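This report looks at salt bridges, at the places they occupy along the chain and at how accessible their partners are. Please have the sequence and the model at hand while reading.

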Amino acid sequence: MSRIGKKPLALPAGVTVTVNPSEVVVKGPKGELKAPLFANITVAIEESMVKVGRSSDEIQVKAHHGLVRSLLENNIIGVTEGYEKTLKLVGTGYRAAAKGKGLSIAVGFSHPVDVDPIDGITFTLKGNDTIVISGIDKHLVGQVAANIRKVRPPEPYQGKGIRYADEVVRRKQGKAAA
């Protein structure tokens, strides 16, 4: 049996889980999230625990078993605590500015790069070189952070670019003097 799938999930106070035929809805103090429910996967709510089960031992059903449990755990954490990613702009003249609910980022191009506001995502600036992306959906927060990082990924020679706050960029030596 799936090691991840068979672990029960504890429901914090204020969180409700509703099981529909094709999805599981998790509601909490910060909002509402939905997770898909695949065929042959069952979700049972007992007292303050959520248990995920499966009806067969086929390879795909086993994979979905752990997947559904992980998605439910992420949704429960999201509606209670939320998720956030921090990006650092490293380089001379690299800075970010708020533009309405979106962002305007100057990273060495001849024009600033605008990031449009996204439903469920909040941008917060710390100084002019740190962007904090927060929201309740783990996947969406990570995808938005990756899209912003993709504008100017860190380069290995001088280390300039947009990087995650906890990311370590391996530096290359460059040309050796003759």
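Helices (H or I, at least four residues) and strands (E, at least two) are DSSP runs, numbered from the N terminus. The model is a predicted one, in which local features need pLDDT of at least 70 and side-chain atom pairs count only at pLDDT 80 or more, while totals for chains, interfaces and linings use all residues. Residues are numbered from 1 along each chain as its sequence is written, and side-chain values use heavy atoms, with hydrogens and water left out.

A salt bridge is taken here as a side-chain nitrogen of Lys or Arg within 4 Å of a carboxyl oxygen of Asp or Glu, and by this rule there are 7 salt bridges. Three pairs, included among them, are listed here.

| Pair | N to O distance |
|---|---|
| K34 and E23 | 4.0 Å |
| E73 and R69 | 3.0 Å |
| D114 and K99 | 2.8 Å |

The pair of D114 and K99 ties together parts that are 15 residues apart in sequence, because D114 lies in strand β10 (residues 113-115) and K99 in strand β8 (residues 95-99). E73 and R69, by contrast, both belong to helix α1 (residues 59-80), where they stand 4 residues apart, about one turn of the helix.

Accessibility is described with three words: buried means under 20% relative accessible area, exposed over 50%, and partly exposed in between (1.4 Å probe, protein chains only). R69 counts as buried at 7%, whereas its partner E73 is partly exposed at 31%. D114 is partly exposed with 40%, and K99 is partly exposed with 46%.
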